[in-house]
Amino acid sequence: MAKQIAIRDAFGAALKKLGEVNERVVALEADVGNSSKSILFGQAFPDRYFNVGIAELNMTSMAAGLALSGMIPYVNTFATFLTSRALDPVISLIAYDHLDVKLCGTYSGLSDSFDGASHHSICDLSAVRSLPGMTVISVCDAVETEKAVFAAAELSGPVYLRLSRAPAPVIYPENMDFQVGKGIILREGSDIAILATGYMVHKALEAAKMLEKKGISARVADIHTISPIDRDLLIDCAKTCGKIITVEEHSISGGLGSAVCEVLSETCPVPVKRLGLTEYSESGDYEEILEKAGLSGACIAEKAEKLIKGN
Amino acid sequence: MPLTKERREALEELCLSLRKDLVTILHRIQTGHPGGSLSATEIITTLYQEKMYLPAPDDPDRDRFVLSKGHAVPMLYLNLAEKGFIPKEELLTLRQAGSRLQGHPCAHKTPGIDVSAGPLGLGLSAGLGMALAGRLQKRNHTVYVLLGDGELQEGGCWEAAMAAAKFNPGNLIAIVDHNGVQLDGTNDEIMPVGDLAAKFRSFGWETLSCDGHDVSAFSDAVDQAKQIHDKPAVIIAETVKGKGISFMEGKNTWHGKPISDVDYQAALNELGGDANG
Ligand SMILES: Cc1ncc(C[n+]2csc(CCOP(=O)(O)OP(=O)(O)O)c2C)c(N)n1
Ligand SMILES: [Mg+2]
């Protein structure tokens, strides 16, 4: 089995590493530094670390000010609070003025499972994806996390980085080619394409293995950049496979599935099944509530088979 | 009315046994928030078992309780079970898939939960809304809102404080669980909250303070607060995060840490119970 590293641990380590080579990088935190792991940056660079307490709105507007004066702020809190309490400055200052603020939403999806729906984040992608000029990245393993943390600093303008609490298998080699806006085909196939993002990439790979046993050849792609989305790859998937399933730890409205449908309906319409949340989830073991939401490998494989059979 | 000696002793005994139940449940499920539940034990228990008018969880004239610092909900569930609003056997389903007992208060799942919570900083506004509705409907219930001191760093709390002074419903009592600790550290390390009583006073509130672990003192403070009608009232309850278990006391690390077998045994030893009890 592949080595497991929690995305948040990889994130904290990467942010610290970035701080070592880029002095313009500062980090802001709202009292969840031990959870987001921004504390690793804070311990290394106490002068460039601002823990504002439980005040996400203040933190995010402060980040706008820092960016307006030449710094590159990485803003840390739970994805759900960043895209609810702190959404106003994201819309009104950061996206509007295309500021160099990197919004790091941790514990996304259902990954903070036991805390329950109030701490899950199932509409963050829809909130940020609709903002003009906002780059939206959602990572699936430790290597990709580090690449994304560094890539965000190089990009001009705002970035939303969707992170997770979940320990995830490391699937990429250290020298992977991570390009913002370019999806990655992880497995070739021709009967159906499973497009996944974040932790769901691993579930999609599981599903593809199950489908293979049934003689179904499934392509799996990691859509790590939700915005701007890789149009060429989507169109190629539609043309090559003819049927598409999207999988995300997010509401089926407004996230990856919606983005895929928007592109394909205008370019190459094919049947698309969107998998994700259709209602609020609940407290419970992570894998158990994912399964209940239809987001296990087996559930995805079942939906893929149905789609291929045309029902 | 001051607590009689009998009532005081009964409440103290109940708080001790609820603390034991709390650590037993949190140890069993290996998730949940011990620190803030223990600091609010006397506050929640005195309200639910002594002060609040609560004939039934859906009685329209009942007093309302908003657990704005929603992570302390295990102590609220224990009190709801004590009231008979939920079966005691259900307590161990806390935070498990399919349970009515969510990790944070959920008004549409759990009988006896008046307002959902989880994201900090929303409860005082919601409580104010409930208090204003009560006044319009000519009910004479009281709305209690329990806030964390770290939570008061959220600006929205102060919008609510300002609005409460303006609309003064006359039936709103805020309580601050003033334990001096939040998640990443102490209030002073993370974001000093300063003189909370002075802040509330300057927002037009009447302020009271008491030892938040002394059931008699807290009960007296509630009685006093209920006599104040020309302004909203806040009780700053001086507490200790993790109260009752020495190695948890005052430690931010015990905000939401799973309780190991060794720590569980040590906790029970201090509380005077045994692991099989
Ligand atoms: C808006 C929001 N930000 C952050 C959190 C994460 N969080 C949960 S509890 C907590 C610390 C709370 O400290 P305090 O209010 O002092 O509560 P207590 O000490 O009584 O447990 C934090 C940061 C949250 N639940 N909501
Ligand atoms: Mg506190």
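# Questions on a predicted model

User: Where in chain A is A:Asn22 placed?

Analyst: This is a predicted model. In it, A:Asn22 belongs to no helix or strand of its own; its place is in a loop of chain A. That loop runs between helix 1 (7–21) and strand 2.

User: Is A:Asn22 buried or exposed?

Analyst: Leaving out residues up to four places away in sequence, A:Asn22 touches A:Arg48, A:Ile72 and A:Ala153. Its relative accessible area is 16%. Buried means under 20%. So A:Asn22 is buried.

User: Which residues of helix 4 of chain A are buried?

Analyst: Helix 4 of chain A covers residues 56–68. What covers its buried residues includes strand 2 (25–29), strand 4 (72–78), helix 5 (79–82), helix 6 (87–95) and strand 5 (102–106) of chain A. The buried residues are A:Glu56, A:Met59, A:Thr60, A:Ala63, A:Ala64 and A:Ala67.

User: Why do the buried residues of helix 4 of chain A line one face?

Analyst: An α-helix has 3.6 residues a turn, so residues three or four places apart point the same way. Look down the axis of helix 4 of chain A. Its buried residues line one face because they fall within an arc of 145°.

User: How far does helix 4 of chain A reach from its first C-alpha to its last?

Analyst: Helix 4 of chain A has 13 residues. At 1.5 Å a residue, 18 Å is expected. The reach in the model is close to that, at 19 Å.

User: What phi does A:Gly70 take?

Analyst: A:Gly70 comes just after helix 4 of chain A. Its phi is positive, at about 95°.

User: Between which chains does ligand 1 lie?

Analyst: Ligand 1 is surrounded by 24 residues. The closest are A:Glu56, B:Lys69, B:His71, B:Asp149 and B:Lys241. Ligand 1 lies between chains A and B.

User: How much of the accessible area of ligand 1 does the protein cover?

Analyst: A side-chain N or O atom of A:Glu56 is 2.6 Å from a nitrogen atom of ligand 1. A backbone N or O atom of B:Glu151 lies 2.8 Å from an oxygen atom of ligand 1. On its own, ligand 1 has 590 Å² of accessible area. The protein covers 99%.

User: Is B:Ile173 buried or exposed?

Analyst: B:Ile173 sits in strand 3 (residues 172–178) of chain B. Beyond its neighbours within four places in sequence, its contacts include B:Val143, B:Val145, B:Val222 and B:Ile235. Its relative accessible area is 2%. B:Ile173 is therefore buried.

Notes: Residues numbered from 1 in each chain as written. Chains lettered and ligands numbered in written order. Predicted model: local features only at pLDDT ≥ 70, side-chain atom pairs only at ≥ 80, totals over all residues. Heavy atoms only, no water. Helix = DSSP H or I, 4+ residues; strand = E, 2+ residues; numbered from the N terminus. Expected span 1.5 Å × (residues − 1). Buried < 20%, exposed > 50% of the residue type's maximum accessible area, 1.4 Å probe, protein only. Arc of directions from axis to C-beta. Contact = heavy atoms within 4.5 Å. Near = heavy atom within 4 Å. Polar contact = N/O pair within 3.5 Å; in protein donor to acceptor, adjacent residues only side chain to side chain. Areas by Shrake-Rupley, 256 points an atom, 1.4 Å probe, with all protein chains shown as cover.
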